[in-house]
Amino acid sequence: MLEAVARLAVRSRGAVAVVSGRSLAQLDQMLHPLHLPLAGVHGIERREPNGEINGAEFDAELFRQLVSIIREFSARHEGTLVEAKPGSVALHYRKRPDLEMQCLDLAQTLSGKDSSINLMPGKMVVELTLAPLTKGTAIAQFMAQPPFIGRTPFFAGDDVTDEAGLAVVNAMQGVSVKIGDGETAAKYRLASVDAVCGYLESLLDVRGVGT
């Protein structure tokens, strides 16, 4: 996959970005040795095409309180995992699906106490972010600047949080792809990550890709 993405970045003259809920630090570890434009934490962190790092402002004290409350909850519920990222905290319950309603109830209660807390459910995870940003806003920001401007966007994702990005790509008359099963706004579907890799490799065999 990394090889295919690297080749596409060269062929498209740099018009490849990764949009994710993970932090920039995590993404750089996963993508090493590639150094791509990135939108991390649903756009709260960004590395622009020119290499500049930007971040959305958020209430640091409110963030500290959220992390503390959710960590206390996790300590009482074995099998849950807390992931604190810049401006966002995620509560994973993949190992404890029986706790789904309790995790959602906690997140809904916390988000209801302050309008700056945004609730973002995902696959076996619920996330609270302190910036009104989504993968859709991140894609729109990339598409408004070189080398993306004027191109047809392509975005593929497998999580609930990817739907905002898929919707924006649809509005831009782009190519939106859902990976795996589940309801989606995507126009197309691929069965697995391996299928996505195969599709990207097939693009490289098409003469003129990236123009």
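Two strands count as paired here if DSSP finds at least two bridges between them. Keep that in mind for the first stop, and remember throughout that this is a predicted model.

**Stop 1: the three-stranded sheet**

Select β9, β10 and β11. Together they form an open sheet of 3 strands in the order β9-β10-β11, with parallel pairing. β9 (154-157) and β11 (188-190) are the edge strands; each has a single partner, so one side of each is left without a neighbour in the sheet. Look along the sheet and you can follow its twist, which averages 25 degrees from one strand to the next.

Now look at the two pairings in turn. β9 and β10 run parallel and are joined by 4 bridges. For a concrete example, pick Phe155, whose bridge partner in β10 is Ser176. On the other side, β10 (residues 175-179) pairs with β11 in the parallel sense over 3 bridges. There, select Ile179 and you will find Leu190 of β11 opposite.

**Stop 2: Tyr188**

Stay in strand β11 and click on Tyr188. Which residues does Tyr188 contact, leaving aside its neighbours within four places in sequence? They are Val175, Ser176, Val177 and Lys178. Take Val175 from that list and draw a distance: its C-alpha atom is separated from that of Tyr188 by 7.6 Å, although the two residues are 13 apart along the chain.

**Stop 3: helices across the sheet**

Add helix α6 (residues 163-171), which lies across β9 and β10 and runs at about 155 degrees to β10. Next add helix α7 (residues 193-204), lying across β9, β10 and β11, at about 110 degrees to β11. Then return to β9 and colour its two faces: Phe155 and Gly157 make up the covered face, while Phe154 and Ala156 are on the uncovered one.

**Stop 4: an enclosed space**

Rolling a probe the size of a water molecule over the atoms shows where empty space is left. In this model the count comes to 1 cavity of 30 Å³ or more, and the largest cavity has a volume of about 40 Å³.

To see its walls, select Ile70, Val89, Leu91, Cys103, Leu106, Ala107, Leu110, Val126, Glu127 and Leu128. Which elements each supply at least two residues of this lining? They are β6 (88-92), α4 (100-113) and β8 (125-129). The largest share, 4 residues, comes from α4. Colour the lining by class and you get 9 nonpolar residues, no polar ones and 1 charged.

**Stop 5: two cis peptide bonds**

Go to the loop between α2 (24-31) and β2 (38-40), where Pro33 is found. The peptide bond joining His32 and Pro33 is cis, with omega of about 10 degrees. Then jump to the loop between α5 (135-143) and β9, the place of Pro147. Here a cis peptide bond joins Pro146 and Pro147, with omega of about 0 degrees.

**Stop 6: two residues with positive phi**

Finish with two backbone details. Arg13 sits in the loop between α1 (2-11) and β1 (18-19). It is not a glycine, yet its phi is positive, about 60 degrees. Is Arg13 buried or exposed? At 56% relative accessibility, Arg13 counts as exposed.

The last selection is Met124, in the loop between β7 (118-122) and β8. Met124 also has a positive phi, about 55 degrees, although it is not a glycine. With a relative accessible area of 24%, Met124 is partly exposed.

Notes: Residues are numbered from 1 along each chain as its sequence is written. This is a predicted model: local features need pLDDT of at least 70, side-chain atom pairs count only at pLDDT 80 or more; totals for chains, interfaces and linings use all residues. Side-chain values use heavy atoms; hydrogens and water are left out. On a 1 Å grid over the protein atoms alone, a cavity is a set of points where a 1.4 Å probe fits but cannot get out, and a pocket is an open set with protein on both sides within 12 Å along at least five of seven lines; lining residues have an atom within 4 Å of a point. Grid points are joined across faces, edges and corners, and a volume is the space filled by probe spheres set on the points. Ala, Val, Leu, Ile, Met, Phe, Trp, Tyr, Cys and Pro count as nonpolar, Asp, Glu, Lys and Arg as charged, and the others, Gly among them, as polar. Axes are lines fitted to C-alpha atoms, for helices over the stretch in contact, and angles run from 0 to 180 degrees between N-to-C directions. Contact means heavy atoms within 4.5 Å. Buried means under 20% relative accessible area, exposed over 50%, partly exposed in between (1.4 Å probe, protein chains only).
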